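Welcome! Here are a few exercises to help you find your way around a new structure, each with a worked solution. Take a look at the picture first, then try each task before reading on.

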Amino acid sequence: MKVLLIFAHPESRSLNGALRDVAIKELEAQGHEVRVSDLYADGWKSEVDRADFPTLAPDARLIPVAASKKSFEADALTKDVKAEIEKLLWADTLILQFPLWWFSMPAILKGWVDRVFAYGFAYGVGEHSDQRWGDRYGEGTLAGKRAMLIVTAGGWEEHYATRGVNGAIDDLLFPINHGILYYPGYDVLPPFVAYSVDRLDETGFAPIAARLRERMRTLATTPPIPYRRQNGGDYLIPSMQLRPELADPGATGFGLHLNGTGASG
Ligand code: FAD
């Protein structure tokens, strides 16, 4: 397999850095090819602005969606963004690795998504009509590839359980897993999450590393989270509402978009 790991931590000597090395070593031992984008080390520019669209006239109003579409179509995106798109097309598996910061990803990684997931590449793909609402949620440019998150969290696992005060981890990660990865077509594997990591020592590190190695060994065979496909018949078109017969009328929440039950590993 060809694996692309996007690493979003400012310090290579961090726990995240150590886990990244564990993951790479195991993947290479399994014969996989690995490429890494180290966002902080590479000085990744995280904000979308005019500089992203060199062909936009200086006096033209910047409309990010339109500028993204036009630049992608004209192959006029910036060199750094084009390099990341080329890596995404090369890889059959994408890993996003980050510490949980304010219940989400660090800004630099969000900025990587904002800039690299261009219109025509990751969204705005396929026919949009009353019969079809694009190729997304299980279809799209990146369909057939796998993706997963490696996340470290200071909080306790119990605090992220279904009834935990922080909210369930699968809910907190839903916007990333479903909204960012499943949207352009990836099969999304259950996330690897390491909890209570802030006071970790060697004794605590060993079982986390062992669990991560196991996830790297089973990257090709782990069943993806069973999200419903947008164009698989479960949603009405064009309202994009889940068909009423597929869930209790009073049911709410992200779980509606699962065919079965999702789980963290
Ligand atoms: P590090 O700080 O590098 O290390 C953590 C511990 O692991 C240290 O004790 C270190 O000595 C040890 N360690 C590192 N490498 C090794 C090794 N090779 N072997 C053995 N031990 C090692 N947490 C939440 O749960 N929810 C949040 O919303 C949240 N928001 C945050 C927002 C911000 C801005 C920040 C800074 C932190 C937040 N946290 C939150 C905590 C955060 O998730 C953790 O600090 C982070 O996941 C720890 O990962 P790290 O790589 O930075 O660890």
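**Exercise 1. Find the domains and describe where they touch.**

Step 1. The chain splits into domain 1, residues 2–224, and domain 2, residues 228–265; such bounds come from an automatic or database domain assignment. Residues are numbered from 1 along each chain as its sequence is written. The model is predicted: local features need pLDDT of at least 70, side-chain atom pairs count only at pLDDT 80 or more, and totals for chains, interfaces and linings use all residues.

Step 2. Taken over C-alpha atoms, the centres of domain 1 and domain 2 lie 24 Å apart.

Step 3. Now list the contacts (C-beta atoms, placed from the backbone, within 7 Å). Here 18 residues of domain 1 meet 13 residues of domain 2. On the domain 1 side, α5, α6 and β6 (192–194) each give at least two residues, and α5 has the largest share, with 3 residues. Helices (H or I, at least four residues) and strands (E, at least two) are DSSP runs, numbered from the N terminus.

Step 4. Sort that side of domain 1 by residue type: 8 are nonpolar, 3 polar and 7 charged. In this sorting, Ala, Val, Leu, Ile, Met, Phe, Trp, Tyr, Cys and Pro are nonpolar, Asp, Glu, Lys and Arg are charged, and the others, Gly among them, are polar.

**Exercise 2. Work out whether α6 is covered, and by what.**

Step 1. Use the neighbour count: a residue is buried if 20 or more other C-beta atoms lie within 10 Å of its own, exposed if 12 or fewer, and partly exposed in between, with C-beta atoms placed from the backbone.

Step 2. Helix α6 spans residues 174–182, and 7 of its 9 residues are buried. They are F174, I176, N177, H178, I180, L181 and Y182.

Step 3. The cover over these buried residues includes α4 (107–116), β4 (146–152), α5 (169–172) and β5 (187–188).

**Exercise 3. Explain why A220 counts as exposed.**

Step 1. Locate A220 in the segment after α7.

Step 2. A220 counts as exposed because it has 11 C-beta neighbours inside 10 Å.

Step 3. Then compare positions: A220 and L236 are 16 residues apart along the chain, and 32 Å separate their C-alpha atoms.

**Exercise 4. Describe the shell around the ligand.**

Step 1. Of the 21 residues around the ligand, S14, A18, P99, G154 and G155 come nearest. A residue is near a molecule or strand if its C-beta atom, placed from the backbone, lies within 6 Å of it.

Step 2. Both α1 (15–29) and α7 (202–217) supply at least two residues of this shell; the largest share, 3 residues, belongs to α1.

Step 3. By type, the shell holds 11 nonpolar, 6 polar and 4 charged residues.

**Exercise 5. Summarise the whole chain.**

Step 1. Count the elements: the chain has 7 helices and 6 strands. Read from the N terminus, their order is β-α-β-α-α-β-α-β-α-α-β-β-α.

Step 2. Along its principal axes, the C-alpha trace spans about 55 × 50 × 35 Å.

Step 3. Buried residues account for 35% of the chain's 265 residues. Among contacts between residues at least 6 apart in sequence, 77% join residues at least 24 apart.

Notes
Contact = placed C-beta atoms within 7 Å.
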